[in-house]
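Biologist: Please take a close look at one part of this model, the placement of its charges, and then carry on to the individual residues that deserve a careful reading. I would like a single connected account.

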Amino acid sequence: MSFPQQRLRRLRSTAAIRDLVAETRLGVDDLIAPLFVREGITDPNPIESLPGVVQHTVSSLRKEVGELVDLGIKGIIVFGVPLHKDPTGSGAYDPDGIVQIALRELRDAFGSSVVIMADLCLDEYTDHGHCGLVADDGTVDNDATLDLYGEIAIAQAEAGADVCAPSGMMDGQVMAIRDALDEDGFDQTAILAYSAKYASALYGPFREAVDVEIADGGDRRAYQQDPRNFRESLEEIRNDIAEGADMVMVKPALAYLDVLSAARSMVDVPLAAYQVSGEYAMVKAAAERGWIDGPAVAMEQTLAIKRAGADMILTYFARELALKLQ
Ligand code: PBG
């Protein structure tokens, strides 16, 4: 018998057979929409570097979530932009802080029809823009920050968050948050840990979205991971699961598909990937110039993240993709 030259192409010949044999399927319920809510504004405020994404008022946020729920989206993650920032980021754990107000509103409006997640960090709330408390010598104090993370978790859970998602990359943060939640009776509040989070240049547009500028031209390399490292991610993920994470995350997504794929082989807990602001902005910018077919690239890239092993994808394309996937 000669080599079957036509074999691989037989199953590509029609759309129907391609659908039948597809190894990866992207569904609306794989998507989690990141949403921003800003204190002290009366109308939604467009974010220039994230076309189509806005800083919401509490009421426009509620409307947006309603529309996403109608499209079949099962998860959202909320980020707060407070009016006032201070050295300890008090808006993050103030029971009347903007995120807590928004969480209460969403919880009341949507009950259990959507999983409400809250990003758990200090950087949106601190005047220096770091994810933790800054000590006198200018370094971020890991252990003092953990106490505040516990307070944020309690404030978020009390306001109705189903899931706290710590993104600050402090060592021991998952255990500190789990302990704080359990002690206050929030044993049903889950933790989605940003476990393998890199110090990435791809977070640029997000900083505009939350009005964060790191003081003195600083960066997060002393707590977020070095992009040169791979094995370190697996250690971070193992630690977070041992500390009690219910779900773990790799972030950013596309540039770290090797990490995502290895994490998939290693763990059995649900695995998330965050297609971050810079990944979204690049697609939007090139599409705006007519250089790429934006919706097609968005679909291809999100599928690639799913194929590499993500169970859930946090993406600013959530609404657009959900419309396409109806
Ligand atoms: C920290 C946080 C960041 C993002 C999510 N949570 C910013 C950072 O670590 O500097 C980035 C998300 C994105 O770029 O889309 N609270």
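Modeller: In this predicted model, the chain carries 29 positive and 53 negative charges, and the mean positions of the two sets lie 14 Å apart. The surface on which one might wish to place such charges amounts to about 15100 Å² of exposed area, and carbon and sulfur atoms supply 50% of that area. Of the 326 residues, 53% count as buried.

The frame for these values is a chain with twelve helices and twelve strands. Its C-alpha trace spans about 75 × 45 × 40 Å along the principal axes. A compact globule of 326 residues would have a radius of gyration near 20 Å, and because the chain has 20 Å, the two agree. Among contacts with a separation of 6 or more, 75% are between residues 24 or more positions apart.

Among the negative residues, Asp 137 can be taken as a starting point; Asp 137 lies in the loop that runs from β6 (133-134) to β7 (140-141). Residues over 50% relative accessible area count as exposed, and Asp 137, with 60%, is therefore exposed. Its side chain is joined to that of Thr 139 by a polar contact of 2.7 Å. Val 78, 59 residues away in sequence, is 32 Å from Asp 137 in space when C-alpha is taken to C-alpha.

A second negative residue, Asp 211, belongs to the loop between α7 (204-209) and α8 (231-243). The relative accessibility of Asp 211 is 35%, so this residue counts as partly exposed. Its backbone merits a check as well, since Asp 211 has a positive phi of about 55 degrees although it is not a glycine.

Glu 320, a third, is placed in helix α12, which covers residues 318-324. With 30% relative accessibility Glu 320 counts as partly exposed, and, leaving aside neighbours within four places in sequence, Glu 320 is in contact with Tyr 280 and Lys 284. Pro 295 is 25 residues from Glu 320 along the chain, and their C-alpha atoms are separated by 8.0 Å.

From these acidic residues one can turn to His 130, which sits in the loop between β5 (115-120) and β6. A relative accessible area under 20% counts as buried, and His 130, at 11%, is therefore buried. Once neighbours within four places in sequence are left aside, the contacts of His 130 include Asp 123, Asp 219 and Arg 220, together with Leu 122, Val 140, Ile 214 and Tyr 223.

Further buried residues lie in other loops. Ile 47 is found between β2 (45-46) and β3 (54-56), where its relative accessible area of 3% makes it buried. Not counting residues up to four places away in sequence, Ile 47 touches Phe 36, Val 53, Val 54 and Gln 55, and also Pro 205, Glu 208 and Ala 209. Thr 315 is 268 residues from Ile 47 in sequence, yet the C-alpha atoms of the two are 15 Å apart in space.

Ala 161, in the loop between α5 (142-159) and β8, also counts as buried, at 6% relative accessibility. Setting aside neighbours within four places in sequence, the contacts of Ala 161 are with Leu 103, Ile 116, Ala 118, Gln 156 and Thr 189. The C-alpha atoms of Ala 161 and Met 117 are 5.6 Å apart, although 44 residues separate the two in sequence.

Two more backbone details complete the account. Met 169, in the loop between β8 (163-166) and α6 (173-183), is buried with a relative accessible area of 6%, and its phi is near 60 degrees, which is a positive value in a residue other than glycine. Pro 252 belongs to the loop that leads from β10 (247-251) to α9 (257-266), and the peptide bond from Lys 251 to Pro 252 is cis, with omega near -10 degrees.

Technical notes. Residues numbered from 1 in each chain as written. Predicted model: local features only at pLDDT ≥ 70, side-chain atom pairs only at ≥ 80, totals over all residues. Heavy atoms only, no water. Helix = DSSP H or I, 4+ residues; strand = E, 2+ residues; numbered from the N terminus. Rg over C-alpha atoms; globule rule 2.2 N^0.38 Å. Buried < 20%, exposed > 50% of the residue type's maximum accessible area, 1.4 Å probe, protein only. Contact = heavy atoms within 4.5 Å. Areas by Shrake-Rupley, 256 points an atom, 1.4 Å probe, with all protein chains shown as cover. Lys, Arg positive; Asp, Glu negative; His and termini not counted. Charge placed at Lys NZ, Arg CZ, Asp CG, Glu CD. Polar contact = N/O pair within 3.5 Å; in protein donor to acceptor, adjacent residues only side chain to side chain.
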